[in-house]
Amino acid sequence: LDLLIDACRNLPYNTSVYIIGDGEEKERLQEKIDGYGLDHKVFLVGRVEEARRYLKAFDIFTLTSRTEALPYTLLEAGLAECAVIATKVGGIPEIITDEKTGLLIHRNIDEITHSITHLIENPEKRLHLGVNLRHDIETQFSVKQMLKKTTEIYLK
């Protein structure tokens, strides 16, 4: 999230960023937001019950993690048909196929800024990525598929 906040300084548009969730970094992130004068642009919303219900209100979902296993938040973003920008770490590439179901990036400010700007400027691409991601999640990550794959592992 620190790099996402850094990238917000360079976005050429009046973009609002909402960071949902709590954690031990919240105070440090707020200091960074205040230090950059981004308190009108970047908002630390905190913990939100059933946050997935609100994802359709967003144009772009970012997950700029240093490490991840298989992030459930990407599945939720996909079901909401959000265009996703995520880092190439952990299990993220198992969910996101670059340029098909989202944009996979390295963890650096320039790539984050470029990817967000690119999706802002290309609404049809945002729509395309979101629809594709939803389709993949419904077909590859459904309960039925997960049970099938788990059963196959145990029957080997």
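Start the tour by selecting Arg107, which is partly exposed at a relative accessible area of 25%. Here buried means under 20% relative accessible area, exposed means over 50%, and partly exposed is in between (1.4 Å probe, protein chains only). Before you click on, note that this is a predicted model, where local features need pLDDT of at least 70 and side-chain atom pairs count only at pLDDT 80 or more, while totals for chains, interfaces and linings use all residues. Residues are numbered from 1 along each chain as its sequence is written, and side-chain values use heavy atoms, with hydrogens and water left out.

**Stop 1: salt bridges**

Keep Arg107 and add Asp2: the two form a salt bridge, with the closest N and O atoms 3.5 Å apart. Asp2 sits in helix α1 (residues 2-8) and Arg107 in the loop between β5 (103-105) and α5 (109-121), so this pair ties together parts 105 residues apart in sequence. The helices (H or I, at least four residues) and strands (E, at least two) are DSSP runs, numbered from the N terminus. A salt bridge is a side-chain nitrogen of Lys or Arg within 4 Å of a carboxyl oxygen of Asp or Glu, and by this rule the count comes to 12.

Is Asp2 buried or exposed? Asp2 is buried, with a relative accessible area of 10%. Now add Arg66 to the selection, and you have a network of salt bridges linking Asp2, Arg66 and Arg107.

Next, pick Asp6 and Lys32, whose side chains meet in a salt bridge at 2.9 Å, N to O. Asp6 lies in helix α1 and Lys32 in helix α2, so the pair ties together parts 26 residues apart in sequence. Asp6 is buried too, at 8% relative accessible area.

**Stop 2: β1 and its partner**

Helix α2 (residues 26-36) leads to the next view: with β1 and β2 this helix makes a right-handed β-α-β unit. Right-handed means that, with the strands pointing away from the viewer, the path from the first strand over the helix to the second runs clockwise, so orient your camera that way.

Show side chains on β1 (residues 17-20): Val17 and Ile19 point to one face and are buried, while Tyr18 and Ile20 point to the other and are not. In a regular strand the side chains alternate between the two faces of the sheet.

Bring in β2 (residues 42-46), which runs parallel to β1 and is joined to it by 4 bridges; strands pair if DSSP finds at least two bridges between them. Ile19 stands opposite Leu44 in β2.

**Stop 3: rings around Tyr18**

Which rings join Tyr18 in a cluster? Select Phe43 and Phe58, since ring pairs link them with Tyr18. Rings of Phe, Tyr and Trp (its six-membered ring) pair if their centres lie within 6.5 Å; planes under 30 degrees apart count as stacked, over 60 as edge-to-face and the rest as tilted. By this rule there are 2 aromatic pairs. Tyr18 and Phe43 have ring centres 5.1 Å apart and planes at 20°, so they are stacked. This pair links strand β1 to strand β2, 25 residues apart.

Tyr18 itself is partly exposed at 41% relative accessibility. The pair of Tyr18 and Phe58 is tilted, at 5.9 Å centre to centre and 50° between the planes. Phe58 lies in the loop between β2 and β3 (60-63) and Tyr18 in strand β1, so this pair ties together parts 40 residues apart in sequence.
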